[in-house]
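Biologist: I am new to this structure and would like a close look at one part of it, the surroundings of the ligand. Please set the scene with the chain as a whole before going there.

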Amino acid sequence: MLRSLIFVIFALKITKMSDNVSGFSKFSKEEKINWIANEYFDNPNDAISIIKQYWNSDEKIQKLHDDFIENTISNFYLPLGIAPNFLINGNYYSVPMAIEESSVVAAASKSAKYWSKRGGFKATVLGTEKIGQVHFMYKGDTQKLQQFFNTNKTKFFTATEDITRNMQKRGGGILDIELKDKTSELANYFQLHATFETKDSMGANFINSCLEQFAKTLQEAVKNDSTFSEEEKNIQVVMSILSNYIPNCVVRAEVSCQIEDLRDKTITDPQAFAEKFVQAVQIAEIEPFRAVTHNKGIMNGVDAVVLATGNDFRAVEAGVHAYAARNGSYSSLSHAAIKDGVFSFWIEIPLALGTVGGLTSLHPLVKIALQVLKNPSAQELMQIVASVGLAQNFAALRSLTTTGIQEGHMKMHINNILNQFKATDEERQVISKHFENHTISHSAVVTFIESLRK
Ligand code: MEV
């Protein structure tokens, strides 16, 4: 009896440990959920009910979300907040932000309001050029390949006419294609390095389609060229893909005012404030450990708007951090200066954004977010996103160099703790009152709730 019980327990353990599955993508949604629930939960019914609780009650909307990716079992919510009062190039914006971190929206709103009374944000797009590359291996005479490329360059444009027609109508297309010899870094390695203008779309599909056609054109044209030997004709295309590093697709946003005008309720010594603020930025310019956190604060704002507007925040993140390291050492994306009694604070940031295509016309909340932003062009969205990043950075540095960051953070975080403890309305009132003049920390809040409940 005991032996068979041990065997059953052992067998159960084995099944739990070998939770690999074949054909998961072929399961129906219901089967997928059941499999997950039975495989990973002691109480599968509870898990199933939570997973389904997050389904949209409108079947059509749920189907739309199911189809965005593969193997969808539910939706993952993030709060969508609004940071109002962003005055950018003379226009007011209420900015939608999708983010889970408490205090980010509050900080952006506070900065927006502060700067709206001091002239607002001035934003300029410095460039919109996107990049893509065909990476290939060629064993042969480099000069012959260069000569071939020069005489055949137009072929790449004509071979992609079907792909570029619509983009050209919108004023975009392929800007240029270069042949790059990378053999000094990797044997036999060459590139077709192409630049693109993709107007209001982020352009990833357009660029990748063009690149894949370039690769075919290259291989075919070389094969048909009798100046190449058989070995030279055997070009190996390794891959054709856009680059998320876009150092010429950059937007600048700036705020500035007379130092005296920085004064407000909590900035009582504007000169000292400005000097310490500039020092904080200078530290992030030269110290990578600080720069990463400094830029993370900027990305709190950037990512939240990028996400709310249905853009690819992973692409933005990758490109931004590469840009921050472009001079060989990771550095601050923002800069600050005091000159002739004027304080200025600015950011330059690469952003590949779209306001058409992708999720922008599919996700109902993305459409709402874009409508709230008055349906901006991609360039306007770049200006808005850069301004929010700068506002976020201003808020963080303002707190860090004055009160410290925890005061504001913990005020917002207290809600999360209260939710965790399922605090009643009465408890919330007592707790809020208590912490008006006591330092907020996780353990202080927890201890206080527990003492209340004793
Ligand atoms: C927290 O999410 C962001 C900050 O750490 C940014 C910064 O340190 O500048 C507050």
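How many helices and strands does the secondary structure of the protein chain come to? And which residues surround the ligand?

Modeller: This is a predicted model. The protein chain has 17 helices and ten strands. Along the principal axes, its C-alpha atoms fill a box of roughly 90 × 90 × 40 Å. There are 454 residues in the protein chain, and 43% of them are buried. If one takes the contacts between residues at least 6 apart in sequence, 70% join residues at least 24 apart. On the outside, the protein chain exposes about 24500 Å², with carbon and sulfur atoms supplying 54% of that area. As for charge, the protein chain carries 46 positive and 49 negative side chains, and the centres of these two sets are 3 Å apart.

Now to the ligand. Around it are Glu101, Arg290, Thr293, His294, Lys296, Gly297, Asn300, Ala396, Leu400 and Ile405. Polar side-chain atoms from this group approach oxygen atoms of the ligand, including those of Glu101, Lys296 and Asn300. For Glu101, an N or O atom in the side chain is 2.6 Å from an oxygen atom of the ligand. Lys296 has a polar side-chain atom 2.7 Å from a ligand oxygen atom, and for Asn300 the corresponding distance is 2.9 Å. On its own, the ligand has 300 Å² of accessible area, and the protein covers 87% of that.

Terms used
Residues numbered from 1 in each chain as written. Predicted model: local features only at pLDDT ≥ 70, side-chain atom pairs only at ≥ 80, totals over all residues. Heavy atoms only, no water. Helix = DSSP H or I, 4+ residues; strand = E, 2+ residues; numbered from the N terminus. Buried < 20%, exposed > 50% of the residue type's maximum accessible area, 1.4 Å probe, protein only. Contact = heavy atoms within 4.5 Å. Areas by Shrake-Rupley, 256 points an atom, 1.4 Å probe, with all protein chains shown as cover. Lys, Arg positive; Asp, Glu negative; His and termini not counted. Charge placed at Lys NZ, Arg CZ, Asp CG, Glu CD. Near = heavy atom within 4 Å. Polar contact = N/O pair within 3.5 Å; in protein donor to acceptor, adjacent residues only side chain to side chain.
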